[in-house]
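Visitor: I should like to learn how pockets, cores and aromatic pairs are read from a set of coordinates. Could you take me through an example?
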Amino acid sequence: MTDADAARALSMLDLTSLGDDDCPDIVAALLNRAETPCGKVAAVCIWPRFVAQAKSALEDTGIRVATVANFPHGRPDIAAAVETTHQCVRDGADEVDVVWPYEAWLNGHRELAGDLVSACKAECGDKAHLKVILETGRLQTGDAIAGSARDAIAAGADFIKTSTGKTRVSATLEAAHIMLEAIRDSGRPVGLKPSGGIRTTAQAAAYLHLADKIMGSDWATPETFRFGASSLLDALLTTLDSEQ
């Protein structure tokens with residue numbers, strides 16, 4: 001049922017603002033939307049410079065603060081990614097989304113890509129979860145998506161995420177299918193975050209139903225599944241309002 005799908009997706013939403021012109025007022029407006037009459041989102045995802053603001057505003061709400069490192073280009077600069085991750089965790093981030101160095105990986109520097117994830121995971125320690133953005137639209141092939149997913153999981157990813165939302169091709173069901181199979185086959189407690197271009201309740205429901213099919217109906221929870229989106233919240237609330 002659409003209302004059940006919408007309520008489920010709302011609880012798994014990373015409400016996101018990563019615009020070039022973001023400022024404290026824009027972030028404050030986003031934070032004010034994180035608690036709705038229909039329930040709370042799972043997290044807000046904002047630029048590192050706004051982590052402290054978000055952490056303070058969301059104190060005692062149970063809503064997690066997520067941010068990004070080496071975003072959106074996935075540069076293979078381990079020291080820079082670690083420095084950003086360190087600062088974000090120190091400022092109170094609960095989750096850090098780091099971009100898989102997909103160009104380096106595609107050019108054969110697979111150990112380097114894994115080392116960057118491992119180093120950022122070490123910086124997170126037990127204080128924050130590390131989500132690794134594969135940028136599947138740039139990886140393009142099923143083999144590259146599967147290989148990157150396996151390598152990111154082996155390097156310590158707590159979640160694997162489809163996309164930054166900054167490329168022409170973002171989340172697709174095909175990429176999510178491959179990533180879920182990699183998670184299942186790894187035997188590790190790794191989550192999935194489809195992100196980029198998911199704007200409707202029907203689109204969100206399709207991803208949830210895919211996860212149910214591959215991982216089992218009780219697998220997808222806010223601890224294992226997230227949507228990265230900025231406009232999806234409005235669609236979910238419209239669906240929920242229409243069902244009341």
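Guide: The model shown here is predicted, and the discussion below takes up its pocket, its core, its aromatic rings and one loop residue.

Visitor: How does one find empty space in a protein, and how much space lies in the largest pocket here?

Guide: Rolling a probe the size of a water molecule over the atoms reveals where space is left empty. In this model, the largest pocket holds about 450 Å³ of space. Its lining consists of 26 residues, and Thr16, Leu18, Gly165, Ala229 and Ser230 are those nearest the centre.

Visitor: Which helices and strands each supply at least two residues of that lining?

Guide: They are β1 (13-16), α2 (24-32) and β10 (227-229). The most is given by α2, with 3 residues.

Visitor: What is the make-up of the lining of the largest pocket by class?

Guide: The lining has 13 polar, 8 nonpolar and 5 charged residues.

Visitor: Let us turn to the interior. Which residues have the most contacts inside the largest nonpolar core?

Guide: Phe225 and Phe227 have the most contacts within this core, which has 83 residues. Helix α10 (residues 201-215) contributes the largest share of the core, 7 residues.

Visitor: Why does Phe227 count as buried?

Guide: Phe227 counts as buried because its relative accessibility is 0%, and buried means under 20%. Phe225 is likewise buried, with a relative accessible area of 0%. Beyond residues up to four places away in sequence, Phe227 touches several others, including Ala9, Met12, Leu13, Pro194, Ile198, Tyr207 and Leu232. Among its contacts are also the charged residues Asp14 and Lys193.

Visitor: How many aromatic pairs are there, and what is the geometry of the pair formed by Trp219 and Phe225?

Guide: The count comes to 4 aromatic pairs. Trp219 and Phe225 are edge-to-face, at 6.5 Å centre to centre and with 90° between the planes. Phe225 and Phe227 also form an edge-to-face pair, at 5.1 Å and 70°. Tyr207, Trp219, Phe225 and Phe227 together make one aromatic cluster.

Visitor: Finally, where is the place of Ala171, and is Ala171 buried or exposed?

Guide: Ala171 sits in the loop between β8 (159-161) and α9 (173-186). Ala171 counts as buried because its relative accessibility is 16%, and the limit is under 20%. Apart from neighbours within four places in sequence, Ala171 is in contact with Thr162, Ser163, Pro194, Ser195, Gly196, Ile198 and Tyr207. Of these contacts, Tyr207 is also a member of the aromatic cluster.

Terms used. Residues numbered from 1 in each chain as written. Predicted model: local features only at pLDDT ≥ 70, side-chain atom pairs only at ≥ 80, totals over all residues. Heavy atoms only, no water. 1 Å grid on protein atoms, 1.4 Å probe; cavity = no way out; pocket = protein on both sides within 12 Å on 5 of 7 lines; lining within 4 Å. Points joined across faces, edges and corners; volume = space filled by probe spheres on them. Helix = DSSP H or I, 4+ residues; strand = E, 2+ residues; numbered from the N terminus. Core = buried A, V, L, I, M, F, W, Y, C linked by side-chain atoms within 4.5 Å. Buried < 20%, exposed > 50% of the residue type's maximum accessible area, 1.4 Å probe, protein only. Contact = heavy atoms within 4.5 Å. Phe/Tyr/Trp six-rings, centres within 6.5 Å; stacked < 30°, edge-to-face > 60°.
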